[in-house]
Amino acid sequence: MDFLQIQGKTKLSGSVSISGAKNAALPIIAMTLLAKNEVKITNVPNVADIKTLAQLLSNLGARCEFKMPNELIINTSNINSTKANYDIVRKMRASILTLGPLLARFGHCEVSLPGGCAIGQRPIDLHLSALEKMGADIQIKDGYVVATAENGLNGARIVFDKITVTGSENIIMAAALAHGTTHLVNVAKEPEVVQVCEILAKAGVKIEGIGTDELVIEGSGKKLLDIDKICVIPDRIEAGTYLCAGAITNSQITITNTQPKHLTAVLGKLEQMGFGFEISDDKITLLPAKTIKPCEIITTEYPGFPTDMQAQFMALALVADGVSTIDERLFENRFMHVSELARMGADIRLNGHIASIYGKSELNATDVMATDLRASSALILAALVANGTTKVHRIYHLDRGYESLELKLNSLGANIKRLSE
């Protein structure tokens, strides 16, 4: 099993290119189930989650071919199974994104329940209740969602009880092939959801309200779509992580191939902490702070502060001059990295879903263990400023969502080695 060995107290400089967004690429891959043609997807991040979902589609009978590490061609015209087996789904919750497209196209599918998650329960009841409103018969049998809509799904008015990103994406894709008009209320507004809508609109699906929390979608009546070549949007979470790497080392770095408008909340917090920026169309340069100030963060849905950046900012807060607070309102178990940061000397106190981070902490290298994808990046950030050499174990979490992270950080001047134990 691989681990990362990180030498602390290194300054960073230079520039790094941001990869395509994993959380955009996953629904796009699922969306190819709606296509009558072969679909080329570019700027695909070369990470484990992408390969897992491509394998799932291959198991269903699709042809998935990586022409290059970041280019994927998918043809779903020969799908011969509509059962997403547990062996694949258990590796990645986002596999549930195949539920809506499979049901809308074939009128029947069986998708394994994704089960729990290291960062808390993320139930799919909102997905299921929405599909039922569209006329599907939903049953849970032997750990599988068995969904049937023999004559296809029908448009309906659906109000999501809470904002759900994968739920929104699943139902948007299902509505694209439904009979009639679907009206969705309280839709997630994340850039990844917006890209799904834009691709469907370009393929001829009439969608009103793209980018808002209310969508009106005119379905094709089970007619498959002609989906053009797709370029995945840049990963705003990866971009935020590298900005935090520059910030925690108080270094000037530049990130390229990014969309600054997707990072408004993250840039706002960094600015509050004393950092400056030079921003152009697809490039952000982080300018060091004279004094790194503490901050207050409340995680919420886009365009608010993303929960996927909470762990990285907790690491950054360790070098701030004062007490920072993080109020995690989206997931109940997303502070598991606190105990690992404490092993490095961090002073973090938890009170329910609120963490108080006391800076400036003197961090010392030790062995730590990643508990989830974003927690792993937080430990790496802390290691960059720790005294000595830190070993971060269980980095298979990291490989799910970051492409070549150690190589990119090394290109900025970090000293990181990937080793096996």
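Two strands pair if DSSP finds at least two bridges between them. The exercises below use this on a predicted model.

**Exercise 1.** In which sense do strands β3 and β5 pair, and over how many bridges?

*Solution.* Step 1: locate the strands; β3 covers residues 39-42 and β5 covers residues 71-75. Step 2: read the pairing, which is antiparallel over four bridges. Step 3: take one residue as an example; I41 has L72 in β5 as its bridge partner.

**Exercise 2.** Give the strand order of the open sheet that holds β3 and β5, and find its edge strands.

*Solution.* Step 1: the sheet has four strands in the order β4-β5-β3-β14, and the pairing is mixed. Step 2: β4 (63-68) and β14 (230-231) each pair on one side only, which makes them the edge strands. Step 3: add the helix; α2 (residues 48-59) packs on this sheet and touches β4 and β5. The direction of α2 makes about 145° with that of β4.

**Exercise 3.** Why is there no disulfide between C64 and C109?

*Solution.* Step 1: a disulfide needs two cysteine sulfur atoms within 2.5 Å. Step 2: the closest cysteine sulfur to that of C64 is in C109, and because the two are 17 Å apart, they are too far for a bond. Step 3: by this rule, the count of disulfides is zero.

**Exercise 4.** Is E406 buried or exposed, and which residues does it touch?

*Solution.* Step 1: E406 lies in helix α14 (residues 405-411). Step 2: buried means under 20% relative accessible area. E406 has 10% relative accessibility, so E406 counts as buried. Step 3: leaving aside residues up to four places away in sequence, E406 touches L4, I416 and R418.

Key: Residues are numbered from 1 along each chain as its sequence is written. This is a predicted model: local features need pLDDT of at least 70, side-chain atom pairs count only at pLDDT 80 or more; totals for chains, interfaces and linings use all residues. Side-chain values use heavy atoms; hydrogens and water are left out. Helices (H or I, at least four residues) and strands (E, at least two) are DSSP runs, numbered from the N terminus. Contact means heavy atoms within 4.5 Å. Axes are lines fitted to C-alpha atoms, for helices over the stretch in contact, and angles run from 0 to 180 degrees between N-to-C directions. Buried means under 20% relative accessible area, exposed over 50%, partly exposed in between (1.4 Å probe, protein chains only).
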